[in-house]
Amino acid sequence: QCFAFRSGSARSSNTVNVIIKDSYGLVWFGTDDGLNKFDGNTITVYRNKPGDAASLPTNEVLSLHEDRSGNLWVGTSGGSIARYDRRKDLFTTFPAGTGKNKIVNNVIRGICSDVNGNVWIVHYAGVDILNPSNGTVTPFPLQPPSRRNAPVVSGVTIFEDSKNRIWIGTSDGLWQHDVQAKKTT
């Protein structure tokens, strides 16, 4: 399905980084200057509002994902990752930083979820796994076994296939993780 916008329609930016159509029939556009929701007639623009913790964490949106429960996850450049609450029309940000239960890097390149409901987050410093029900964050090591002292590989993209395997595209090749068998190749 193609979309055409009239000149002058309200949208945030001409630079679109990611597009998804969700299970509600809404089309989401992640841009360099905000998140756009298109319902077939109207575009709603979400942007960061300084001082408002329930707004989009930053305006540059790099990745989007809808999980099995219908939650929309928004990966940003510089603002980490946020979950959009459809009922309250607000965002909950999962912060980046050092320490327990923090996403290691705040530039989120890719997002997917696994069969267990965990959210896999790809960033420049690798991959983290977020358990949305309790907020715990577990790093997923991307370091080739043959090079144990090598730096962690930078994550670029991620995808879950129909057999519940997680595919991770990196700066050093392709990784596959079988969630059920807990085996990585």
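**Salt bridges, strands and cores**

Me: Which residue forms a salt bridge with Arg47, the closest N and O atoms being 3.3 Å apart?
Reply: A salt bridge here is a side-chain nitrogen of Lys or Arg within 4 Å of a carboxyl oxygen of Asp or Glu. Arg47 supplies the nitrogen side of this contact, and its salt-bridge partner is Asp33.

Me: Let me set the ground rules: this is a predicted model, where local features need pLDDT of at least 70, side-chain atom pairs count only at pLDDT 80 or more, and totals for chains, interfaces and linings use all residues. Residues are numbered from 1 along each chain as its sequence is written, and side-chain values use heavy atoms, with hydrogens and water left out. How many residues apart in sequence are the parts that Arg47 and Asp33 tie together?
Reply: Strands are DSSP runs of E with at least two residues, numbered from the N terminus. Arg47 lies in the loop between strand 4 (43-46) and strand 5, while Asp33 lies in the loop between strand 2 and strand 3 (34-38). The pair therefore ties together parts whose separation in sequence is 14 residues.

Me: Is Arg47 buried, partly exposed or exposed?
Reply: Buried means under 20% relative accessible area, exposed means over 50%, and partly exposed is in between (1.4 Å probe, protein chains only). Arg47 has 34% relative accessibility, and its partner Asp33 has 28%. By that scale, Arg47 is partly exposed.

Me: Which residues does the network of salt bridges that share partners join?
Reply: Asp22 forms a salt bridge with Arg86, with the closest N and O atoms 2.9 Å apart. Asp22 sits in the loop between strand 1 and strand 2 (27-31) and Arg86 in the loop between strand 7 and strand 8, so this pair links parts 64 residues apart in sequence. The side chain of Glu66 also meets Arg86 in a salt bridge, at 3.5 Å from N to O. One network thus contains Asp22, Glu66 and Arg86.

Me: What is the relative accessible area of Arg86?
Reply: Its two acidic partners are buried: Asp22 has 6% relative accessibility, and Glu66 has 18%. Arg86 is partly exposed, with a value of 22%.

Me: In what order do the four strands of the open sheet run?
Reply: Two strands pair if DSSP finds at least two bridges between them. Strand 5 and strand 6 (residues 72-76) pair over five bridges, and so do strand 7 (residues 81-85) and strand 8. The sheet has antiparallel pairing, and its order is 5-6-7-8.

Me: Which strands are the edge strands of that sheet?
Reply: An edge strand of this sheet pairs on one side only. That description fits strand 5 (61-66) and strand 8 (90-94).

Me: Where a bridge partner of Arg83 is sought in strand 8, which residue is it?
Reply: Strand 7 and strand 8 run antiparallel. Elsewhere in the sheet, Val61 stands opposite Thr76 in strand 6. For Arg83, the bridge partner in strand 8 is Thr92.

Me: Which residue takes a positive phi in the hairpin of strand 3 and strand 4?
Reply: Strand 3 and strand 4 run antiparallel, joined by four bridges, with Lys37 opposite Thr44 in strand 4. Four residues lie between the strands, and the one with a positive phi near 105 degrees is Gly40.

Me: And which residue takes a positive phi in the hairpin of strand 7 and strand 8?
Reply: This hairpin has four residues between the strands. The phi in question is near 55 degrees, and the residue is Asp89.

Me: Which elements give two or more residues to the largest nonpolar core?
Reply: A nonpolar core is a set of buried Ala, Val, Leu, Ile, Met, Phe, Trp, Tyr and Cys residues joined through side-chain atoms within 4.5 Å. The largest has 14 residues, and those touching the most other members include Trp28, Leu35, Val61 and Phe91. The elements asked for are strand 1 (16-21), strand 5, strand 6 and strand 7.

Me: How many residues are in the second, separate core?
Reply: Its members include Trp120, Val122, Val127 and Ile166. The count for this core is 13 residues.

Me: How many strands does the chain have?
Reply: The chain has 185 residues, and buried ones make up 43% of them. Helices (H or I, at least four residues) number zero, and the strands number 16.
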